[in-house]
Structure formats: structure tokens, C-alpha cells
Amino acid sequence: MAHILIIDDDPTIQLVLTKILQKQGYTVTTAKNGLEGIEKANQFYPALIICDWMMPILDGLEVCRRVKSNPELSTTFFILLTARDNVNDRVLGLDTGADDFLAKPIDLGELKARVRAGLRLHQASQDLKAQKQILEAELAEAAEYVQSLLADPLTEPISIHARFLPSSQLGGDCFDYYWLDPDYLAFYLLDVSGHGLGSALLSVTILNLLRSQALPGVSFYQPHTVLTALNENFQMHRPNDKYFTIWYGVYNRIKRQLTYASAGHPPAVLIAPTLEQEQQVQQLKTPNLPIGFMPDVKFTSDRCQIPAASILYLFSDGLYETNPFDLDVWNLDAFVHLLTQSSSSDLDDIFQAVRDHSNIQSFIDDASLLRVQFHQD
């Protein structure tokens, strides 16, 4: 049966309440003042507390405040025992964290009813807390699975490193890179609308589809054909369906040529050194709609040469849409400028620089960054 703690400096009230509640089958513990009551609450974690408002050392309001501030006792049902019937007093009690009141002199029928109601609410809170813990554990396991699917870094003959920081336990960003044959490297980054379980499931589905090259009749060497096939297979037919943006490229390492196509995705940023020790910066994108918006969309590819020792960045918009109320200060142009000025090859340094420049502690959307280093041949 449930454990109930009675906190009251009147031994008679303690005795009466104890006998009544024990006859109902409850386990009862008593405390003679507020300080002792807090100690016993932290010791026994009762399901319900009946606490007198007016007591020496600590009054009932302070006891309630301290109990409710303890996460382990936050679901404990707290009843203030009081002779006060002023509305303002009850408002004060509720604002402090009390869940209910029991008037003096105590009506035994009311006492039993309020205790039963309080214990039902406590049990419901406990059940909800347990379900939340189970869900969080399952989401954490799923997040680990998603992370395990992401590609490991490449070092030769091209270096690729990536970071993925979901805004919640599961995110809608995804990326991959792999050799189509010894001379052609495919790499992409996609961003499913929203975040959470639904977005993560769709991003994993697309990753597995592209990694296994399971789109019939598609040349994975031609980015626009890949986007066309994805658009045919992932149309938004229902209001809750997801769309996604993607940047997909194929690099020919013999010709040093990159063929690419994007669908509503931020541009890739190509930073190339020049003879004047300056940087040539290009933003690579094609004017295509996101995947799933409309059927029968004609997607196009583009092509560019990759100078030796160039760096290419792919990223999701979570890295520059960090604060919807401050877009004039931190936006795509500001993020591209940060990339061109960064001397670090450590992607964690870039993430921290984004936090510093945009004055945030955490990202409001999933944030992914892919760094492709083309070596000097």
C-alpha cells in the first residue's frame, strides 16, 4: 500500500490521522516539525504528504517548496492542512506547489476522499514518469543506431570528416560518402523536414536506399537522375508526410571534376587557394525544389573543376538558422564567411564558433557539417 507522511506539531492530530489512515491500509510515518518532515520525505519518498500550514522551525509553505524542488519528490501529492479559508491564502498555497487543502477541523470522510484522489493522481504521475523513461531509453537506443549508420571518416585519396548534432535525441539530417568505383566518389547530405522519430526514420530509409543503390534504372553517377528517382518515390501524399532537401555530388578524381545537384538545400561551399595566397569561394547549388513537393519535377545537374588542395563544405541549415529572431546578425552569408576565415580542420571548432557568433548554447534544429579535403596531387 501507499506510504503517507504526516507532518504536524500537534501530537493529537498526528495520532488521529495515523489511526484513520492505517485502518485504510496505508503505511504512515509522522514528523513533529517541518525540518524533520523534509528529512523523512527524503528518506522514505512518500506517495502523499499531509502537512500542517502553521508550524515552528519551518512552516508548511516552506516544506512544500523544498519538497517540490526535489525531482525525486516532484510527483508526491502534497496536502496542506489549514484552518485558513481565505481565497488569497489558497492561491498562495497553490502557487507554492501544494496540490490540495484539508480544512480544520478535519472531516474524516473528506480526509479519506482527498487521500484517495491524491494517491490516484500520484500513481498516474508515476506511470507517466515510467513511460517517459522507457520512451527516452528507446529513443536514445534509436539515436545510437542512427549514429552507427553514418559513414566513418575517409583519409585517402580524399579526406572527408563529418559531424552530426541532432537538436533532439533523434534528428532528420543524414549524410554518406562512398566510392562508386575506384575513380568516382559519391557524397551527399540531406535534411528531412522537422526532427524526431518520423524524420529520423525517413532519413535512415533514404540512406539505406542510396547506399545499396536500390533505385532501379538510376545512374548514381548522374546526380539529377538520383534526385528525380527520389522525388518519384517520396512524394508528400498526406498532410503529415515529410519532404526533404538534399545536396548530392559525384567527384571524378582523375579529371578533378565534380558533378552535383541540389534540391532546396543550402549551397555547398568550395574554397580554393589561389596563386596570390587568397581564396576563391564558390557556392555550388542548382535551382531545384525540395524532394516530395511536386511530382514530375525536372531536376538539373551542374559541373565544376576542383583545384588542388581545395576544401568543400556541405551543411544543413541548422548551422545558420540558429535564432529566428536574429537572422540579420547570423545567417547563411555570415556562416559562409566563418568557413572561409576558419583555419581549423576540427569541425568541433566550427560548431563552437557558430555558438559563439550566434550567441546560443544549443541548436534549435539538427546541424550537420561535412568537410571534404581534396589533396594536392
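A residue is called buried when its relative accessible area is under 20%. In this predicted model, helix α7, spanning residues 223-233, contains six residues named as buried by that cut-off: P223, V226, L227, A229, L230 and N231. An α-helix has 3.6 residues a turn, so residues three or four places apart point the same way. The elements that cover the buried residues of α7 include helix α6 (197-211) and the strands β9 and β10.

Strands β9 and β10 both belong to an open sheet of five strands, ordered β7-β8-β9-β10-β13 and paired in the antiparallel sense. At the edges of this sheet stand β7 (173-181) and β13 (302-305), each of which pairs on one side only. Neighbouring strands are turned against each other by 15° on average, with direction ignored. Within the sheet, β9 (residues 244-252) and β10 (residues 257-263) run antiparallel and are joined by seven bridges. One of the positions in register is G249, whose bridge partner in β10 is Y260.

A second open sheet of five strands is built with parallel pairing, in the order β2-β1-β3-β4-β5. Its edges are formed by β2 (27-31) and β5 (100-103); each has a single partner strand, so one side of each is left without a neighbour in the sheet. From one strand to the next, the twist averages 20°.

Strand β1 (3-7) is mostly covered, with five of its five residues buried. The side chains alternate in direction: H3, L5 and I7 point one way from β1, while I4 and I6 point the other way. The pairing of β1 with β2 is parallel and comprises five bridges, and I7 stands opposite A31 of β2. Toward the other edge of the order, β4 (residues 77-82) pairs with β5 in the parallel sense over four bridges. Here L81 is placed opposite L102 of β5.

Two helices lie across strands of the parallel sheet. Helix α1 (residues 11-23) crosses β1, β2, β3 (48-52) and β4, and runs at about 170° to β2. Helix α2 (residues 34-44) lies across β1, β2 and β3, at about 145° to β2.

Some nonpolar residues have accessible area at the surface. M236, L289, F293 and M294 form a nonpolar patch there, with about 340 Å² of accessible area together. Of these residues, M294 is located in the loop between β12 (279-284) and β13. M294 counts as partly exposed because its relative accessibility is 47%, and the limits of that class are 20% and 50%. Leucine L92, in helix α4 (residues 87-96), is likewise partly exposed, at 40% relative accessibility. When residues up to four places away in sequence are not counted, L92 touches W53 and L61. L92 and L61 are 31 residues apart in sequence, and their C-alpha atoms are 8.6 Å apart in space.

Several backbone positions depart from the usual geometry. Most residues other than glycine have a negative phi, and most peptide bonds are trans. Two cis peptide bonds precede prolines. The bond from K104 to P105 is cis, with omega near -10°, and P105 lies in the loop between β5 and α5 (108-149). The bond from E156 to P157 is also cis, with omega near -10°; P157 is found in the loop between α5 and β6 (158-165).

Positive phi values occur at two residues that are not glycine, Y45 and A309. For Y45, phi is about 50°. This tyrosine is in the loop between α2 and β3, and its relative accessible area of 45% makes it partly exposed. For A309, phi is near 65°. A309 is found in the loop between β13 and β14 (311-315) and counts as partly exposed, at 26% relative accessibility.

Note on methods:
Residues numbered from 1 in each chain as written. Predicted model: local features only at pLDDT ≥ 70, side-chain atom pairs only at ≥ 80, totals over all residues. Heavy atoms only, no water. Pairing = 2+ DSSP bridges. Axes fitted to C-alpha atoms, helices over the stretch in contact; angles between N-to-C directions. Buried < 20%, exposed > 50% of the residue type's maximum accessible area, 1.4 Å probe, protein only. Contact = heavy atoms within 4.5 Å. Patch = residues over 30% accessible without salt bridge, like charges linked within 9 Å, V, L, I, M, F, W, Y side chains within 5 Å. Areas by Shrake-Rupley, 256 points an atom, 1.4 Å probe, with all protein chains shown as cover. Salt bridge = Lys/Arg side-chain N within 4 Å of Asp/Glu carboxyl O.
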